[in-house]
Amino acid sequence: MGSLHQHKDAGTKAPAVLNYIKVASVEETLKKVVEAGGKVVEEKWTEGNHTDMGTFEDTEGNLVGLLHWL
């Protein structure tokens, strides 16, 4: 699966590849990220009625995407 998605902060960081991890629940995973010291960048949103997505920054500053197919 692949897609092009312009990140809301695209102008503030150098161009990069954003990897997405398939999870059982985007909301629950984002909660765990915060508990572990990470930061939510984009709360869960639904893309095209088929995929829940979200992004976070880990404790090392890496941007990571989450997805759950509906």
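**A helix on a four-stranded sheet**

Biologist: What phi does G37 take, just after α1?

Modeller: This is a predicted model, and the angle is computed from its atoms. The helix α1 covers residues 26-35, and G37 comes just after it with a phi that is positive, at about 105°.

Biologist: Which residue has a positive phi although it is not a glycine?

Modeller: The place to look is the loop between β2 and β3, where N49 is found. The residue there is exposed, with a relative accessible area of 75% for N49. Its phi is positive, at about 60°, and the residue in question is N49.

Biologist: In what order do the strands of the open sheet stand?

Modeller: The sheet has four strands with mixed pairing, and the edge strands, each of which pairs on one side only, are β1 (20-22) and β2. From one strand to the next the twist averages 20°. Three bridges join β1 to β4, and these two strands run parallel. Read across the sheet, the order is therefore β1-β4-β3-β2.

Biologist: Which residue of β4 stands opposite I21?

Modeller: The strand β4 spans residues 63-69, and it is joined to β1 by three bridges. Opposite I21, the residue that stands in β4 is L66.

Biologist: Within what arc do the buried residues of α1 fall, seen down the axis?

Modeller: Buried here stands for a relative accessible area under 20%, and in α1 the residues V26, L30 and V33 are buried. They line one face of the helix, because, seen down its axis, they fall within an arc of 55°.

Biologist: Which strands do the buried residues of α1 pack against?

Modeller: The helix α1 lies across three strands, running at about 180° to β2. The face turned away from its buried side carries the exposed residues K32 and E35. The buried residues, in turn, pack against β2 (39-47), β3 (51-57) and β4.

Biologist: Which element gives the most to the largest nonpolar core?

Modeller: That core has seven residues, namely V23, V26, L30, V33, F56, V64 and L66. Two elements, α1 and β4, give two or more residues to it. With three residues, the element that gives the most is α1.

Biologist: Which backbone nitrogen does a side-chain oxygen of S25 reach?

Modeller: The contact is at the start of α1, where the side-chain oxygen belongs to S25. The oxygen reaches to within 3.2 Å of the backbone nitrogen of E28.

Notes. Residues numbered from 1 in each chain as written. Predicted model: local features only at pLDDT ≥ 70, side-chain atom pairs only at ≥ 80, totals over all residues. Heavy atoms only, no water. Buried < 20%, exposed > 50% of the residue type's maximum accessible area, 1.4 Å probe, protein only. Arc of directions from axis to C-beta. Contact = heavy atoms within 4.5 Å. Polar contact = N/O pair within 3.5 Å; in protein donor to acceptor, adjacent residues only side chain to side chain. Core = buried A, V, L, I, M, F, W, Y, C linked by side-chain atoms within 4.5 Å. Axes fitted to C-alpha atoms, helices over the stretch in contact; angles between N-to-C directions.
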